[in-house]
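Ready for some practice in reading a protein model? Work through each exercise with the structure open beside you, then check your steps against the solution.

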Amino acid sequence: MHFLLTEEEPRYQHQRWVPDIPGQRQVHRQTVRHGRKGQETSLNGPLGRTPVIPEPGSRGSEMVLRARPGLVPVSARPVRPVGFGARPGEGFEQQPDAPLGSHWRHGGVRSLMPRTLDGQITMEKTPSYFVTREAPGRIHGMSPDTKLIVVVRNPVTRAISDYTQTLSKTPGLPSFRALAFRHGLGPVDTAWSAVRIGLYAQHLDNWLRFFPLSRFLFVSGERLVSDPAGELGRVQDFLGLRRVVTDKHFYFNATKGFPCLKKAQGSGRPRCLGKSKGRPHPRVHAAVVQRLRDFYRPFNRKFYQMTGQDFGWD
Ligand SMILES: Nc1ncnc2c1ncn2[C@@H]1O[C@H](COP(=O)(O)OS(=O)(=O)O)[C@@H](OP(=O)(O)O)[C@H]1O
């Protein structure tokens, strides 16, 4: 699942910009939509609109968004804005009283956003925001106009994907089954983050205390793979962008088993996500999968009701 946050009319003051990368400015000029062509925002001037993505499962959407001119991923910067989701604990999820949290007290997180031209969109995606209790209030405090994009996939597949990622970094990790259940095949262990993150309805509840549903777009992680152009069409509409990215931009890479970009923005070369994205999952016993499916069903249904979308996981 991913999460993307967009600011429509930022009212930033006292900006502290990060430097441009060579060649970036030309890209910027091509991508200005609303502002005067080539006009750069001044220190106290308006900023481009700013989206952020939190999620569990975000690279897929990031790649797709990279195809779209006018979106400036924060990670494209040579200096990642410290404190804006650069590393766990540095963004909206950080405790205000933590040593690195001083930017919250001084209203500095907004000053850490990258330099953007008038009318441009800067995106930020940090998986943990969606599941962090404090994040909605803080993001709302920064800008109540923020647009939020959440990419969700079947929580069972998501949990196995999460486990696969941890396993790749932690040899000797206990089995998926041992982590997902207490006492053998006892109750599902909701304290395990791979399980807890998939309780989308609960996390969304927390966000709806601060943002109305109309500020959200929910993207299906499954359709992002089966029909990337279709899902990205919805994203472009949601952001008020002309539909520039279409199915002409993608091809299905049979070796990878996933869609890839025919031409990545900036390089003009085909681009797939890295090796760690879309890699095989370890085999998980069918009974374990079924137990988890049963566990998530009521939460999924609640999520479908809350969002008005049936993601077809059950
Ligand atoms: N086009 C394309 N190519 C490759 N992978 C794709 C694509 N679209 C979506 N996905 C799915 O994205 C999953 C990886 O996302 P992550 O959440 O792990 O990314 S992130 O590290 O949090 O940014 C990754 O999960 P795994 O299959 O478990 O690796 C993919 O299923």
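**Exercise 1: Two helices that meet**

Residues Y200, A201, Q202, L204, D205 and L208 of α8 touch F299, K302, F303, M306 and T307 of α11; contact means heavy atoms within 4.5 Å. Helices (H or I, at least four residues) and strands (E, at least two) are DSSP runs, numbered from the N terminus. Before going on, note that this is a predicted model, where local features need pLDDT of at least 70 and side-chain atom pairs count only at pLDDT 80 or more, while totals for chains, interfaces and linings use all residues. Residues are numbered from 1 along each chain as its sequence is written, and side-chain values use heavy atoms, with hydrogens and water left out.

Task: find the classes of the residues in the contact of α8 with α11, and the angle at which the two helices pack.

Solution.
- Step 1. Sort by class: Ala, Val, Leu, Ile, Met, Phe, Trp, Tyr, Cys and Pro count as nonpolar, Asp, Glu, Lys and Arg as charged, and the others, Gly among them, as polar.
- Step 2. The contact of α8 with α11 then has seven nonpolar, two polar and two charged residues.
- Step 3. Now the geometry: α8 and α11 pack at an angle of about 35°, and their axes are 8 Å apart. Axes are lines fitted to C-alpha atoms, for helices over the stretch in contact, and angles run from 0 to 180 degrees between N-to-C directions.

**Exercise 2: Checking a helix**

Task: work out what span helix α5 (residues 155-169) should have, then look at what covers its buried residues.

Solution.
- Step 1. The expected span of a helix is 1.5 Å times one less than its number of residues.
- Step 2. The 15 residues of α5 should therefore span 21 Å, and the end C-alpha atoms are 21 Å apart, which agrees.
- Step 3. Buried means under 20% relative accessible area, exposed over 50%, partly exposed in between (1.4 Å probe, protein chains only). In α5, the buried residues are P155, V156, R158, A159, I160, D162, Y163 and T164.
- Step 4. Among the elements covering them are α6 (176-180), α7 (193-196), α8 (200-208) and α11.
- Step 5. For a view from outside the helix, take I197, in the loop between α7 and α8. I197 counts as buried, at 13% relative accessibility. I197 and P155 are 42 residues apart in sequence, yet 8.0 Å apart in space, C-alpha to C-alpha.

**Exercise 3: The disulfide**

Task: which two cysteines form a disulfide, and which parts does the pair tie together?

Solution.
- Step 1. A disulfide is a pair of cysteine sulfur atoms within 2.5 Å. By this rule there is one disulfide.
- Step 2. The pair is C260 and C272, with sulfur atoms 2.0 Å apart.
- Step 3. C260 lies in strand β8 (residues 258-261) and C272 in the loop between β8 and α11 (286-307), so the pair ties together parts twelve residues apart in sequence.
- Step 4. C260 is buried at 0% relative accessibility, whereas C272 is partly exposed at 25%.

**Exercise 4: Buried or exposed?**

Task: decide whether T255 is buried or exposed, and count the buried residues of helix α10 (residues 228-238).

Solution.
- Step 1. T255 sits in the loop between β7 (250-253) and β8.
- Step 2. With a relative accessible area of 80%, T255 is exposed.
- Step 3. Helix α10 is mostly covered, as eight of its eleven residues are buried.
- Step 4. For the whole protein, 50% of the 314 residues count as buried.
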